[in-house]
Amino acid sequence: MEDFSNLTLDKVTIVMTSMSRWDGEFSSASWSLAKTFAQNQKVIYVDYPFTLLDYMKERKKPSVVARKKALINGTESLKPLTQFSPLLYTLCPPLMLPINWLPSGKLYNYFSKWNDRRLAGAIKKAIKALNEEDFIFFNSFNPLYISKLPSNFKPLAFVYQSRDNIRALEPYLRKHGAGKEIEAVKNADLSLVTSRMLQKDLESLSGKKVAYFPNAADFDLFKTAYDEVVKIPEDLKDIPRPIIGYTGNICHRLDYNLIESICKANPDKSVVMVGPRNHQGHTQIDLDKIPNLFFTGPKKIEQLPQYLAHFQLLILPFLCNEVTKSIYPLKINEYLASGKPIVATPFSEDIQSFHPLISLEKIPANFNEAIQKELNTDSDQKAKSRYLEASKNTWKGRVKLFWQLLGG
């Protein structure tokens with residue numbers, strides 16, 4: 001790794017890859033971190049690559065149509081995102097080969113390296129277009145691409161970050177991603193994880209030191225739910241109060257039996273879920289038939305404080321399993337910044353560290369009792385304590401920690 005002692009770090013361009021796209025349906029830690037880095041230095045946020053198969057399936061979507069020239073011709077790939085920062089750019093790589101169906105072995109490795117060289121070439125072209133030479137390559141949980149640097153791809157430093165237990169995720173990512181992640185940790189100059197369990201697992205599997213780098217929140221954005229009078233969103237106006245709220249992906253991590261129990265045990269309350277619905281195949285419950293359960297659809301991160309401000313209580317009803325025990329949820333500090341009472345399941349060591357500021361219950365009956373207790377005993381002092389805890393966990397603070405870890 002390059003010796004940074006003679007370099008001004010806030011002048012070094014950061015290239016960040018992840019499994020999210022900047023204009024995706026829900027907020028991501030990598031995107032929040034990229035925006036924070038871009039307050040001080042150039043950042044190229046690389047879209048999660050589309051494969052040929054992805055393009056054929058999704059080519060009529062507006063987000064794909066807007067990227068067509070970049071995907072097909074490799075033109076108009078690098079675009080400034082001045083609405084966020086004059087130093088922030090997004091890069092849409094050209095189409096990649098769909099190779100995940102291949103078994104592990106020589107053929108997969110050959111085409112994986114081909115994809116990596118293609119992605120690295122697009123990044124190098126973008127670096128040159130910005131009249132830069134030096135850069136830091138930050139792979140924020142995208143193990144399927146560039147887990148090992150191509151020979152002609154030479155950043156000042158290679159940083160890899162893990163944010164989920166890939167060995168417990170869906171087969172698509174686990175199939176090749178589990179091995180690729182260990183390869184990335186072994187090859188990286190600095191490896192980061194967002195949870196204590198991941199830290200233990202990856203250090204054991206890779207034999208390398210891995211640094212704890214937990215998620216945070218855009219505190220300046222989310223604190224508006226606590227200290228400002230915020231206009232109620234149109235789609236909440238006709239929903240009866242009090243409201244129990246959830247924000248985030250509605251997916252395989254959630255305990256739908258618990259959610260059904262919350263709705264049934266609290267008929268005098270509304271349960272509102274803000275986020276994309278990706279629950280198909282993860283529950284047999286017909287969520288649309290639950291009378292006091294409401295869905296708003298996905299919202300941009302900038303809109304979320306409006307919803308938090310008008311919820312009376314917030315929930316994190318995650319399953320307690322191999323997937324969730326390695327999660328430091330992005331939304332916990334967003335929730336805390338709003339000052340609202342929170343009830344969660346004790347799914348990970350990281351979420352448990354927030355007790356007693358939040359209630360933790362796994363059994364549905366106890367969870368529902370905690371909801372009522374939190375509502376009955378809430379106070380200005382409790383709200384302020386939650387708010388102050390969130391103020392300690394900001395993306396600005398995480399950026400400062402990043403440079404300490406990289407320079408250490």
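**Two sheets and their ring pairs**

Student: How much of the contacts in the protein with a separation of 6 or more comes from residues 24 or more positions apart?
Tutor: Contact here means heavy atoms within 4.5 Å. Among the contacts with a separation of 6 or more, the share from residues 24 or more positions apart is 69%.

Student: What kind of model is this, and which pLDDT do side-chain atom pairs need?
Tutor: Residues are numbered from 1 along each chain as its sequence is written, and side-chain values use heavy atoms, with hydrogens and water left out. This is a predicted model in which local features need pLDDT of at least 70, totals for chains, interfaces and linings use all residues, and side-chain atom pairs count only at pLDDT 80 or more.

Student: What radius of gyration does the protein have, set against a compact globule?
Tutor: The radius is taken over C-alpha atoms, and the globule rule is 2.2 Å times the number of residues to the power 0.38. For 408 residues a compact globule would come near 22 Å, and the protein agrees with this at 22 Å.

Student: What percentage of the residues is buried?
Tutor: Buried means under 20% relative accessible area, exposed means over 50%, and partly exposed is in between (1.4 Å probe, protein chains only). Of the 408 residues in the protein, the buried part is 55%.

Student: How many helices and strands are there?
Tutor: Helices (H or I, at least four residues) and strands (E, at least two) are DSSP runs, numbered from the N terminus. Counted this way, the protein has 16 helices and 14 strands.

Student: Let's look at the sheet of 8 strands: which strands stand at its edges?
Tutor: Two strands pair if DSSP finds at least two bridges between them. This open sheet has mixed pairing and the order 3-4-2-1-5-6-7-8. One side of each edge strand is left without a neighbour in the sheet because each has a single partner strand; the two are strand 3 (78–80) and strand 8 (211–212).

Student: Which residue in strand 8 stands opposite Val-193?
Tutor: Strand 7 (residues 190–193) joins strand 8 in the parallel sense through 2 bridges. Opposite Val-193 you will find Tyr-212.

Student: What angle does helix 1 make with strand 1?
Tutor: Axes are lines fitted to C-alpha atoms, for helices over the stretch in contact, and angles run from 0 to 180 degrees between N-to-C directions. Helix 1 (residues 29–37) packs on the sheet and touches strand 1 (13–18), strand 2 (43–46), strand 4 (88–91) and strand 5 (135–140). Its direction relative to that of strand 1 is about 170 degrees.

Student: And what is the angle between helix 6 and strand 6?
Tutor: Helix 6 (residues 171–187) also packs on the sheet, where it touches strand 6 (157–162) and strand 7. With strand 6, the angle is about 140 degrees.

Student: How many residues of strand 6 are buried?
Tutor: Strand 6 pairs in the parallel sense with strand 5 over 5 bridges and with strand 7 over 4 bridges. Ala-157, Val-159 and Gln-161 point one way, while Phe-158, Tyr-160 and Ser-162 point the other way, and all are buried. The count is 6 of 6.

Student: In the sheet of 6 strands, which are the edge strands?
Tutor: This open sheet has parallel pairing and the order 11-10-9-12-13-14. Those that pair on one side only are strand 11 (293–297) and strand 14 (359–360).

Student: Helix 12 packs on this sheet, so at what angle to strand 12?
Tutor: Helix 12 (residues 331–338) touches strand 9 (243–247), strand 12 (313–316) and strand 13. Its direction makes an angle with that of strand 12 of about 170 degrees.

Student: How far apart in sequence are the parts tied together by Trp-22 and Phe-84?
Tutor: Rings of Phe, Tyr and Trp (its six-membered ring) pair if their centres lie within 6.5 Å; planes under 30 degrees apart count as stacked, over 60 as edge-to-face and the rest as tilted. There are 19 aromatic pairs by this rule. Trp-22 and Phe-84 are edge-to-face, 6.2 Å centre to centre with 75 degrees between the planes. Trp-22 lies in the loop between strand 1 and helix 1 and Phe-84 in the loop between strand 3 and strand 4, so the parts they tie together are separated by 62 residues.

Student: Why does the pair of Tyr-328 and Phe-354 count as it does, and what is it called?
Tutor: Both residues, Tyr-328 and Phe-354, are buried. Because their ring centres are 5.9 Å apart and their planes are at 75 degrees, the pair is edge-to-face.
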